[in-house]
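Reader: I am new to reading protein models. Can we go through one together, a question at a time?

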Amino acid sequence: MTFTLRALLGACAVGALAAAASAETTITVATVNNGDMIRMQGLMDDFYAKHPDIKVEWVTLEENELRQRVTTDIATKGGQFDVLTIGTYEVPIWGKQGWLIGLNDLPAEYDVDDLLPAIRGGLTVDGTLYAAPFYGESSMVMYRKDLMEAAGMTMPDAPTWDDIKAAAAAMTDKSKEQYGICLRGKAGWGENMAFLTAMSNSFGAKWFDMDWKPQFDQQPWKDTLTFYLDLMNNYGPPGASNNGFNENLALFQQGKCGMWIDATVAASFVTNPKDSTVADKVGFALAPDKGLGKRGNWLWAWSLAIPAGSQKVDAAKAFIDWATNKDYLALVASKEGWANVPPGTRTSLYENPEYAKIPFAKMTLDSINAADPNNPTVDKVPYVGVQFVAIPEFQGIGTAVGQQFSAVLAGQTSLDDALAAAQQLTLREMTKAGYIK
Amino acid sequence: MARRIPTARKTLTTAAAWTTGLVIFFPILWIVILSFKSEGDAIAPPLTMLSAPWTTEAYTTVQERSDYFKHFWNSVVISVGSTLIGLAIAIPAAWAMAFVPGRRTRDLLMWMLSTKMMPAAGVLVPMYLLFRNFGLLDTRIGLVGVLTLINLPIIVWMLYTYFREIPGEILEAARMDGATLRSEILYVLTPMAVPGIASTLLLNIILAWNEAFWTLRLTAANAAPLTAFIASYSSPEGLFYAKLSAASVMAIAPILILGWFSQKQLVRGLTFGAVK
């Protein structure tokens with residue numbers, strides 16, 4: 001072979017490689033660290049087989065860090081991310097501000113009508129779907145069947161708060177470090193306030209009236225908090241004001257809680273014999289009510305959305321379609337079993353007879369269906385959101401109010417003082433933000 | 001004759017020093033212990049946690065899930081790069097301030113230090129826009145630039161105080177012998193200030209290695225250093241203490257080892273000059 005011919009062939013090869021490289025689109029996905037997301041990263045071979053021209057890079061961050069990081073990027077149109085993992089709180093706010101790309105043009109096979117109506121409703125603004133749900137959750141009661149049986153009690157499928165209190169009293173044995181009920185106490189809009197706001201809905205309380213005036217000076221909030229403090233002080237674990245989702249998860253898995261009212265996604269953790277000492281003893285029930293027509297359960301969906309600054313919208317849509325369609329659920333089931341399929345997004349999943357065998361499947365679906373983000377409280381309210389108020393100011397206000405209520409649980413302040421402080425600080429912030437004229 | 005120190009006092013001082021050392025080291029020790037426990041045990045009360053079996057499970061998971069060496073290399077490039085560029089700028093600046101001070105040198109030094117007093121979040125958006133417009137987002141060179149600027153006041157201040165301890169007459173003598181400005185700084189001043197420069201170098205590498213505000217906010221997939229590697233192990237739903245601790249141990253180990261090896265140099269430099 002002559003030198004010229006070799007050089008020519010070499011040049012062709014380099015050219016071909018360069019062309020292949022330039023045809024490849026790299027998208028950056030910003031995500032939180034949770035089991036379903038990590039599992040998806042392990043199943044990417046399927047995506048690459050279907051989309052050999054798209055490469056996916058992951059940026060995993062802590063939830064609040066992700067929120068700040070992504071907000072900066074969207075507000076400045078930085079274009080660092082092509083797909084974002086965001087929650088039901090952000091989607092209505094960001095969608096309304098034009099920060100997200102609409103997803104109404106997903107292919108017909110995606111079957112958008114298969115998405116659970118409550119979840120889809122929370123991700124839609126003025127008829128446009130702004131995010132595709134990756135997994136959805138509500139909250140429910142998880143309880144120890146063995147302890148209930150030993151106490152001679154049965155848990156109704158749809159308990160009232162009084163049922164919960166009676167069960168908590170019967171299961172508490174502090175000498176054995178066994179506490180009737182474990183609930184969130186750690187301050188934060190996504191920690192204790194998620195639980196307390198959802199609980200308050202069932203007591204007829206609300207954050208704001210139709211004029212956006214805060215309602216912490218009204219009786220229903222006092223009733224909610226009084227009941228919560230009574231439960232926690234008498235039947236809860238010590239130091240509960242520091243307990244969030246993960247702390248309660250650990251307590252429940254160690255067999256120290258008779259009941260735990262929290263995210264439905266916890267069901268797969270507490271029934272996993274690898275980590276949980278009570279895996280085969282857990283029963284599920286709907287979140288409690290007070291006979292007022294609303295249950296104390298929330299609604300949340302970790303969803304995938306495309307920021308308006310992305311330059312690679314088509315590739316991002318292809319990824320979202322893959323990660324949230326029915327085939328993905330079947331893929332996870334085939335590789336990791338039905339118990340590990342991301343829950344709470346599609347009606348067809350709950351119609352699948354294989355999935356129906358999972359002990360917490362039905363209760364998760366019923367809990368999700370029992371929440372209505374557009375109509376969350378007993379009375380009419382001007383806001384969207386079950387365990388949050390979908391306004392940008394809520395993160396700050398929610399956390400500040402959460403600190404007040406956490407302080408009451410820790411015994412650092414009185415309930416009346418905390419409610420007065422909550423009312424005052426919320427009123428101040430809402431006036432400053434222009435909601436109250 | 002050496003002063004005699006009573007044994008009781010010696011014991012007391014030793015005990016106090018050990019206690020202080022242990023208190024300061026305790027969080028790191030705790031992280032190391034947690035990293036060798038299972039997730040379930042890591043969140044258990046301290047006594048239960050300590051008696052639980054040891055495992056390297058968390059390290060295995062972290063190894064499988066993350067590209068440690070990519071983050072490690074980014075940390076090395078960013079911290080060493082920013083420190084070296086900072087020194088290259090700060091040595092001549094500190095020389096000028098120490099040996100040929102002007103009327104406003106003190107004000108200038110104070111003004112430089114005052115930039116450190118501003119909360120970083122205050123300039124996040126303008127900084128982010130600058131990075132976006134110059135195509136520097138998620139690049140190592142961008143981070144080297146920003147960390148150089150952030151640590152420059154500290155480098156200049158440290159070097160300035162070291163240089164002030166060096167008698168100006170020596171430099172004058174060098175000048176009398178015909179040394180140019182360049183050779184005066186390179187061959188006369190720098191060798192005399194080596195302990196000071198070394199400790200400035202080490203301290204700034206440590207500061208840049210641990211910097212977590214800008215390194216988290218200006219990076220995404222490519223230039224993210226070990227701070228982002230640690231941040232990726234915190235989880236909103238699911239236990240993570242053991243994995244987070246394992247990631248933290250892996251992130252601080254290199255800088256800890258560097259610190260141990262250069263301890264003598266670091267202490268000598270820190271006690272040399274006016275910065276004690």
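Reader: How many helices and strands does chain A have?
Author: This is a predicted model, and every value here is computed from it. In chain A, both kinds of element occur. The count is 19 helices and 10 strands.

Reader: Why is chain A called as compact as a globular protein of that length?
Author: The globule rule gives 22 Å for 437 residues. The radius of gyration of chain A is close to that value, so the chain is as compact as a globular protein of that length. Along the principal axes, its C-alpha atoms fill a box of roughly 90 × 55 × 35 Å. The radius of gyration itself is 24 Å.

Reader: What percentage of the residues in chain A are buried?
Author: A residue counts as buried if 20 or more other C-beta atoms lie within 10 Å of its own. Chain A has 437 residues to test. The buried ones make up 51%.

Reader: How far apart are the C-alpha centres of domain 1 and domain 2 of chain A?
Author: Domain 1 covers 3–137 + 299–356, and domain 2 covers 139–298 + 379–432. Nine residues of domain 1 of chain A are in contact with 11 residues of domain 2 of chain A. The two C-alpha centres are separated by 32 Å.

Reader: Which elements each supply at least two residues of the side of domain 1 of chain A that touches domain 2 of chain A?
Author: That side divides into seven nonpolar residues, one polar and one charged. Two elements of chain A each supply at least two of its residues. They are α5 (90–96) and β10 (299–305).

Reader: Is A:Gly95 buried or exposed?
Author: A:Gly95 sits in helix α5 of chain A. Setting aside residues up to four places away in sequence, A:Gly95 touches A:Leu100, A:Val125, A:Thr128 and A:Tyr130. It has 21 other C-beta atoms within 10 Å, so A:Gly95 is buried.

Reader: And A:Asp366, is that residue buried or exposed?
Author: A:Asp366 belongs to helix α17 (residues 361–369) of chain A. In space, its C-alpha is 9.1 Å from that of A:Ser138, though the two are 228 residues apart in sequence. With 20 other C-beta atoms within 10 Å, A:Asp366 is buried.

Reader: Which helix gives the most to the side of chain B that touches chain A?
Author: The contact takes 31 residues from chain A and 26 residues from chain B. On the chain B side, α2 (39–42), α7 (124–133) and α12 (214–217) each supply at least two residues. That side holds 15 nonpolar, five polar and six charged residues. The top giver, with five residues, is α7(B).

Reader: Where does the largest share of the largest nonpolar core come from?
Author: This core has 195 residues, and those touching the most other members include A:Phe319 and B:Leu159. It draws at least three residues from each of domain 1 and domain 2 of chain A. The largest share is 14 residues, from helix α8 (residues 140–164) of chain B.

Reader: What span should helix α11 of chain B have?
Author: Helix α11 of chain B has 17 residues, 194–210, at 1.5 Å a residue. Among its buried residues are B:Gly196, B:Leu202 and B:Trp209. Its end C-alpha atoms are 24 Å apart, which agrees with the expected span of 24 Å.

Definitions and conventions. Residues are numbered from 1 along each chain as its sequence is written. Chains are lettered from A and ligands numbered from 1 in the order in which they are written. This is a predicted model: local features need pLDDT of at least 70, side-chain atom pairs count only at pLDDT 80 or more; totals for chains, interfaces and linings use all residues. Domain bounds come from an automatic or database domain assignment. Two residues are in contact if their C-beta atoms, placed from the backbone, lie within 7 Å. Helices (H or I, at least four residues) and strands (E, at least two) are DSSP runs, numbered from the N terminus. Ala, Val, Leu, Ile, Met, Phe, Trp, Tyr, Cys and Pro count as nonpolar, Asp, Glu, Lys and Arg as charged, and the others, Gly among them, as polar. A residue is buried if 20 or more other C-beta atoms lie within 10 Å of its own, exposed if 12 or fewer, and partly exposed in between; C-beta atoms are placed from the backbone. A nonpolar core is a set of buried Ala, Val, Leu, Ile, Met, Phe, Trp, Tyr and Cys residues joined through C-beta atoms within 7 Å. The expected span of a helix is 1.5 Å times one less than its number of residues. The radius of gyration is taken over C-alpha atoms; the globule rule is 2.2 Å times the number of residues to the power 0.38.
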